[in-house]
Amino acid sequence: MSSRKLKLSTAICLSISALVSMTSGVMAEQTITEFAKTEIMNGNPPGFRDDLKKGGIWDSATKTYNFSKNSTFSNRFKGIESKDADVTIKAEGAELTFNHVKSNMPIRAIKGSESSRGWREWKADKVAQPKGNINITVKKLTVNVDKTAKSSNVDTAALAASSHRKDDTTVKVNIKGDVDFNVKNNYWTDSTKARETVTGGIVAVNDADVTIDGNAKIHVEIPNQGVRGTYYFVGHYFVNGIYAGLNYIGEKQGPRVHITGDVDIDGDGTGVQANSRSNITIDGGGRIATKDTVDFEHYAIVAEESTVNMNSKVDEHGNLTQSNGHKVEILGNIGLFNREADRDTLTYGKTPTKINLALSTPDSSMKGVVINHYAEVDRTNPNPDKAEIRKNTGMNLLLENKATWNNVNYGRPFEGYNGVGNFTGSKIKTLIGGSTADTAGTILQNDTKPITVDTLSGAMNVMYSHANQGTEDSDYTGGTFIVKQAKENSSVTLLTDANNINMKDRASVEKALMALGKKLKYEDSASNAKRLTGKVGITEGLTSSSATLLQGALTYTDDHLGSYVSSSAFNSIQNGDYETKVMKDERLGRTAINILWADRFRNRHQFVGDNEFNVRMSYGERTLDDGYHTNYNEVELSYGKQVTPKVDVMGSVSHLSGNNDSESKDKVYTGNVQGNYQLTPHDSIGLALGIGRIEHTLKSVDRLGKLTSGTYTTNAVGTAVTYTHESTVNGWTVYRSVLASASKIPGSTYSAVKDKKVLSVHQNDYTSLVLGGMVSATKAFHHGRVYGSLGLFHEFNGDINTSYTADDGGNKTTQYKGKTTWAQINLGASYQVANGTNVYIDYDKIFGSGDRASWNINGGLKFMI
């Protein structure tokens with residue numbers, strides 16, 4: 001056989017072998033991660049030139065796309081489509097990114113017409129045979145869609161799911177993993193501005209079922225949004241983070257969207273919207289934010305004849321009972337909208353509308369009003385046939401553990417369609433507070449319209465701002481807090497701040513409390529007055545302590561308003577803590593940064609050799625006894641030089657930025673010079689000198705959400721002396737050291753401001769004197785080194801004395817006692833990555849003293865020059 005024939009026969013055999021291998025399901029390792037020649041993943045075998053085939057992704061035996069590496073799709077890729085078959089993607093541990101692919105809906109499970117608007121089934125007059133669903137397992141799925149450059153604008157979504165309205169089969173999309181959807185589109189379909197596009201992160205229509213078993217981050221951007229004529233009442237329909245609705249399948253339940261983790265939803269439209277008998281459930285918490293603009297009608301959460309649950313456990317009737325315990329932040333109004341018109345083919349008025357929302361952590365918050373349009377319509381145009389549905393419609397809100405609801409309009413104020421059902425105040429069906437007064441939630445009543453609660457249970461704080469001295473009824477402009485019914489052992493505490501109230505004058509305090517008490521209205525007081533007990537109080541000022549009337553002083557007038565019997569007010573005022581919140585925030589913040597500077601100056605983590613540069617980065621946390629945390633990042637550049645055989649010097653500069661629990665910010669700049677003198681071959685003495693610049697910005701938010709802020713700067717100086725003895729033990733180099741250090745941060749006086757009221761803060765000098773001992777050891781291995789240390793230290797001084805002066809409470813002082821003892825441990829390793837170049841990482845932990853409890857991780861690069 002000729003050589004040419006032999007080669008040809010061999011090639012044919014290899015090709016046949018490859019085909020047999022591919023059809024047998026034995027897949028090669030993934031060899032492609034940038035998919036530029038892939039057109040679509042639709043459950044059908046890809047072509048031989050497709051990167052999915054060449055890269056070892058497609059498994060013909062299981063009809064599955066398998067990814068083992070992070071992969072990116074762009075340009076020609078038309079996305080994932082299940083119209084013809086099921087689509088199964090397995091990418092456990094890998095991230096998939098669809099970056100501006102060639103599709104306005106990169107993930108689409110659509111059964112039926114798919115014209116630019118037909119996927120929504122406005123006029124679906126043909127029956128398309130449903131074929132498949134989408135199942136994806138992935139570490140993270142990122143989809144970036146930008147259609148703003150198109151001349152003809154179409155509906156756009158990262159994920160779209162729609163069943164056919166004439167078919168009873170559900171369409172399903174299941175994603176096990178986190179998603180990150182970023183969508184950008186034009187608002188109008190064309191230049192006439194007569195019709196809007198529908199834009200969203202997740203859009204589910206008809207009988208669609210979408211599950212994200214993970215966290216969901218969604219951002220939607222519409223740069224040219226507008227309002228079409230009188231279409232104001234439904235202006236919120238077209239742009240959404242998550243949308244479930246447009247249910248054209250008779251009275252059958254509409255689409256479902258289920259997120260098992262947390263969400264982070266923001267953008268130019270409504271955050272979450274459910275209508276037409278649909279359901280959106282977010283098991284976790286997270287953030288939902290819309291724009292605070294009066295130009296467009298947007299909401300954080302909207303429900304119309306549907307249910308939205310967030311961070312909520314519900315009973316068999318779908319009503320809120322408990323929280324799932326996640327942090328929640330809501331920025332935007334909440335809307336429950338009535339669309340009961342007989343001509344409306346999307347709704348039949350037979351399903352209650354519910355929103356269940358739980359805010360149960362101290363850092364959870366909501367800002368916006370609650371618009372129950374059903375209640376407003378019932379008030380203006382009652383419909384007896386809908387009485388039961390409207391009775392079961394409403395928002396159920398759990399507010400406990402110092403979580404906050406700021407009741408103030410956020411965005412464009414709501415107006416009813418043709419003036420019917422205009423907004424008259426936030427309305428809550430069921431409000432659940434804390435189990436005790438200490439775990440109560442807090443409402444900031446900043447809207448002039450009342451808050452109405454159908455049923456209250458638990459403990460709740462309601463806070464009001466006031467004008468003037470707060471002694472007249474008219475000084476309180478926030479709307480009345482109305483409770484229709486209360487469960488047993490419920491309580492309400494009405495509060496205002498100490499602004500302009502003479503806290504040293506008993507008569508002024510009592511007049512303010514009397515006026516404030518009238519802001520509570522309990523409509524069931526004639527029959528069940530004992531179910532709702534209450535207090536009124538004045539929260540602390542800048543330096544004035546709080547004043548609160550004891551429980552039991554509350555009675556109700558014939559018109560159900562709160563009223564305090566004058567005799568019960570005497571001898572019942574209780575003052576709060578001596579130290580106000582702003583004083584505490586300042587004391588803890590400045591204590592933490594002072595100690596942090598002294599400790600960071602004193603501790604050098606990596607010795608720098610002759611002609612060696614060191615670049616070090618650190619991240620750490622400082623915790624005081626009060627549970628107050630300061631997190632910080634630090635970057636340091638240092639350089640070492642051997643001056644003589646016995647003398648080494650090192651210079652360094654560093655920048656540290658920190659923030660703490662009160663949102664205060666710190667910046668610290670430090671310069672340091674260190675010298676070591678070799679006394680004997682095994683003994684040395686070192687001297688360090690350092691200077692620093694500290695910038696501290698106080699930020700303290702009170703219970704009314706009012707900010708006290710101010711900034712001060714000061715300098716810092718320090719010196720440290722060490723004696724070190726070196727020895728060798730079993731191949732380890734061991735250093736035994738004694739250290740003494742002294743640091744001083746001069747006192748400073750500055751002003752902080754809240755509502756034009758000034759708090760003067762003066763801190764005395766801070767002086768730190770520390771003596772300690774340390775044993776450290778290091779051992780070299782091939783191209784690497786491990787090291788560690790253990791030290792014991794004692795602070796002999798370290799007191800921090802601060803005085804505060806304000807008009808509301810006069811002068812007060814606080815003191816921090818600095819004398820304490822602590823231990824410190826450090827473990828680390830370095831590795832030589834090139835000749836003269838090493839990388840390292842180490843971990844520090846301080847324990848034994850609450851005020852110095854901390855940890856930090858250091859990593860860096862050392863190189864010779």
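Two strands count as paired here if DSSP finds at least two bridges between them. With that in mind, the predicted model shows an open sheet of nine strands, all joined by parallel pairing. Reading across the sheet, the order is β5-β7-β9-β11-β14-β17-β20-β25-β28. At the edges stand β5 (80-81) and β28 (370-372). Each of these has a single partner strand, so one side of each is left without a neighbour in the sheet.

Further in, a closer look can be taken at one pair of neighbours. Strand β9 (residues 156-162) and strand β11 (residues 199-205) run parallel and are joined by six bridges. One residue match can be picked out here: S162 has V205 of β11 as its bridge partner.

The sheet also has a helix to go with it. Helix α3 (residues 373-380) lies across β20 (301-304), β25 (334-336) and the edge strand β28. Relative to β28, helix α3 runs at about 45°.

Next come the aromatic rings, which form 16 pairs in the structure. Take Y299 and F337: their ring centres are 5.1 Å apart and their planes stand at 70°. Planes over 60 degrees apart count as edge-to-face, so that is the label this pair gets. The two residues come from distant parts of the chain, 38 residues apart. Y299 is in the loop between β19 (286-289) and β20, while F337 is in the loop between β25 and β26 (354-359). Both Y299 and F337 are buried.

A tilted pair is formed by F613 and Y639, with 5.0 Å from centre to centre and 45° between the planes. F613 belongs to strand β43 (residues 612-623) and Y639 to strand β44 (residues 629-644), so the pair ties together parts that are 26 residues apart in sequence. Are these two rings buried or exposed? The answer lies in between: F613 has 32% relative accessibility and counts as partly exposed, and Y639, at 28%, counts as partly exposed too.

Aromatic residues also gather in a group. F35, F67, F73, F77 and F98 form one aromatic cluster.

Finally, some rings have a charge for company. The charged end of K53 sits over the ring of F48, 5.6 Å from the ring centre. In another case, R590 lies over the face of Y712, and here the distance to the ring centre is 3.8 Å.

Notes:
Residues are numbered from 1 along each chain as its sequence is written. This is a predicted model: local features need pLDDT of at least 70, side-chain atom pairs count only at pLDDT 80 or more; totals for chains, interfaces and linings use all residues. Side-chain values use heavy atoms; hydrogens and water are left out. Helices (H or I, at least four residues) and strands (E, at least two) are DSSP runs, numbered from the N terminus. Contact means heavy atoms within 4.5 Å. Axes are lines fitted to C-alpha atoms, for helices over the stretch in contact, and angles run from 0 to 180 degrees between N-to-C directions. Rings of Phe, Tyr and Trp (its six-membered ring) pair if their centres lie within 6.5 Å; planes under 30 degrees apart count as stacked, over 60 as edge-to-face and the rest as tilted. Buried means under 20% relative accessible area, exposed over 50%, partly exposed in between (1.4 Å probe, protein chains only). A charge sits over a ring if NZ of Lys or CZ of Arg is within 6 Å of the ring centre and within 35 degrees of the ring normal.
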